[in-house]
Amino acid sequence: MRRKDREVMAPERIREIIQACDCIRLGICDGDTAYVVPLSFGFTEEGGSYAFYLHCASVGKKLDLLRRNPHVGFELDTHHVLVSGERACDYTLRYQSVMGTGTVTWLTSAEAKKEALGHLMRQCSGLDRWTFTDAEVERVTLLRLDAAELTCKEHL
């Protein structure tokens, strides 16, 4: 990271920033180009290892590309504030962001899918009271993104 003065290293602070985000952008290889898709997400962190849980329909370009190459880049950002100035070069943007790379796998068992949906619902609702039937989890595709690299930055 070029701007070390903006790097966030404390795991509790990284978790706070991720919790403040409402969208993860997944960068997927599509031959010689990138395909970027925004997704709702949930996450876990244990001992500095981050996993993101994603849900989607059972068919589509994203899944076709991930079957060919499950290695992805990802990005999350939040708390955007434009700071104005007298001159154009005095303007800046305050923000917090998380970026990284990792590998996507499909969750197949009902138990793993229910756990992933619980993480997703906690991220979007802040609540832990959700239950899911086997029929409900059977209808949705759930992915797990294990972060191989993750950096966090804030400019406040």
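**Entry 1: the chain as a whole**

I began by counting elements, and I found four helices and seven strands in the protein chain. I note here that the model is a predicted one. Reading along the sequence, I wrote down the pattern α-β-β-β-β-α-β-β-α-α-β. I then looked up the extent of the C-alpha trace, which spans about 60 × 40 × 30 Å along its principal axes. Of the 156 residues in the protein chain, 37% are buried, and the chain exposes about 9,200 Å², of which carbon and sulfur atoms supply 51%.

I also looked at charge: there are 20 positive and 23 negative side chains, and the centres of the two sets lie 3 Å apart. Turning to contacts with a separation of 6 or more, I noted that residues 24 or more positions apart account for 68% of them.

**Entry 2: the sheet**

In what order do the seven strands lie in the sheet? I traced an open sheet with antiparallel pairing, and the order is S2-S1-S5-S6-S7-S4-S3. Its edges are strand S2 (33-39) and strand S3 (42-46), each of which pairs on one side only. Neighbouring strands are turned by 30° against each other on average, if direction is ignored.

I followed one pair in detail, namely strand S5 (residues 71-83) and strand S6 (residues 92-107), which run antiparallel and are joined by eleven bridges. Phe 74 stands opposite Gly 100 in S6.

I then asked which strands helix H3 lies across. Helix H3, residues 110-125, crosses S3, strand S4 (49-56), S6 and strand S7 (141-155), and it runs at about 100° to S3.

**Entry 3: Leu 54**

I picked Leu 54, which lies in strand S4, and asked whether this residue is buried or exposed. Its relative accessibility is 1%, and because buried means under 20%, Leu 54 counts as buried. Leaving aside residues up to four places away in sequence, I listed what Leu 54 touches, and among them are Ile 24, Leu 26, Leu 39, Phe 41, Leu 120 and Leu 145. I also checked Arg 25, which is 29 residues from Leu 54 in sequence and 11 Å from it in space, C-alpha to C-alpha.

**Entry 4: His 79**

My last stop was His 79, which is found in strand S5. Its phi is near 55°, a positive value in a residue other than glycine. I wrote this down because most residues other than glycine have a negative phi. His 79 has a relative accessible area of 45%, so I entered it as partly exposed, that is, between the 20% and 50% limits.

Key
Residues numbered from 1 in each chain as written. Predicted model: local features only at pLDDT ≥ 70, side-chain atom pairs only at ≥ 80, totals over all residues. Heavy atoms only, no water. Pairing = 2+ DSSP bridges. Helix = DSSP H or I, 4+ residues; strand = E, 2+ residues; numbered from the N terminus. Axes fitted to C-alpha atoms, helices over the stretch in contact; angles between N-to-C directions. Contact = heavy atoms within 4.5 Å. Buried < 20%, exposed > 50% of the residue type's maximum accessible area, 1.4 Å probe, protein only. Areas by Shrake-Rupley, 256 points an atom, 1.4 Å probe, with all protein chains shown as cover. Lys, Arg positive; Asp, Glu negative; His and termini not counted. Charge placed at Lys NZ, Arg CZ, Asp CG, Glu CD.
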